[in-house]
Amino acid sequence: MPDLTTTLTDYLDFELAFIVAYKLDTYSEDVASQVREEVASRNLSPEKLDALVQEKLKTEINDHQQKICPRCSSQKIVTNKEEFHGNNKAFGLDSGKPLTFIEYKLCGVCGWNFLVDETREEKNERRTSVFLSIVLFILIVLLMTYVIEWATS
Ligand SMILES: [Zn+2]
């Protein structure tokens, strides 16, 4: 995040806490030290930072509009665009142009990826739907067995 330093003051205390907890390792030493300076100027001790993070992690956020980060509750959501190129050269399909773009949202603070990261609620929903489709499949198989037996008897 190259423009992080110019906007450090825009970050709320809890957002800085999440940056320290989740992203500091990914920054260059230059940026990381600027983050540490900002943290120090706000008198945020490691204990305070930790408390801020823990408090947010306890809060469950279920926002389906992707405007609030479900992990840190920040509203600094950024949109990323990635290109996908075809690599089926053997089939002559590689035109050199991107085949498609994928747009996805990321939390600008803690790096939560809306495309791959799942909230607890989403995980449960997914488990439920997998479970239901298994049950449905078994029912269909049973029904077909029954119908076949009925038809051949
Ligand atoms: Zn976040």
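What follows is a short chat about a predicted model and the terms used for it.

Author: Residues are numbered from 1 along each chain as its sequence is written. As the model is predicted, local features need pLDDT of at least 70 and side-chain atom pairs pLDDT 80 or more, while totals for chains, interfaces and linings use all residues.

Reader: Why is Thr 79 called exposed?

Author: Thr 79 has 10 other C-beta atoms within 10 Å. Exposed means 12 or fewer within 10 Å, buried 20 or more, and partly exposed in between, with C-beta atoms placed from the backbone. So Thr 79 counts as exposed.

Reader: Which residues does Thr 79 touch, leaving aside those up to four places away in sequence?

Author: Glu 103 and Lys 105. Touching, or contact, means that the two C-beta atoms, placed from the backbone, lie within 7 Å. Thr 79 sits in strand 1, residues 77–85, and its C-alpha atom is 6.2 Å from that of Leu 106, 27 residues along the chain.

Reader: What makes something a helix or a strand here?

Author: Both are DSSP runs numbered from the N terminus: H or I over at least four residues for helices, E over at least two for strands. The protein has four helices and two strands, in the order α-α-α-β-β-α.

Reader: What makes a set of residues a nonpolar core?

Author: Its members are buried Ala, Val, Leu, Ile, Met, Phe, Trp, Tyr or Cys, joined through C-beta atoms within 7 Å. The largest one has 16 residues, and Ile 19, Val 20, Val 109 and Cys 110 touch the most other members. Helix 1 gives the most to this core, five residues.
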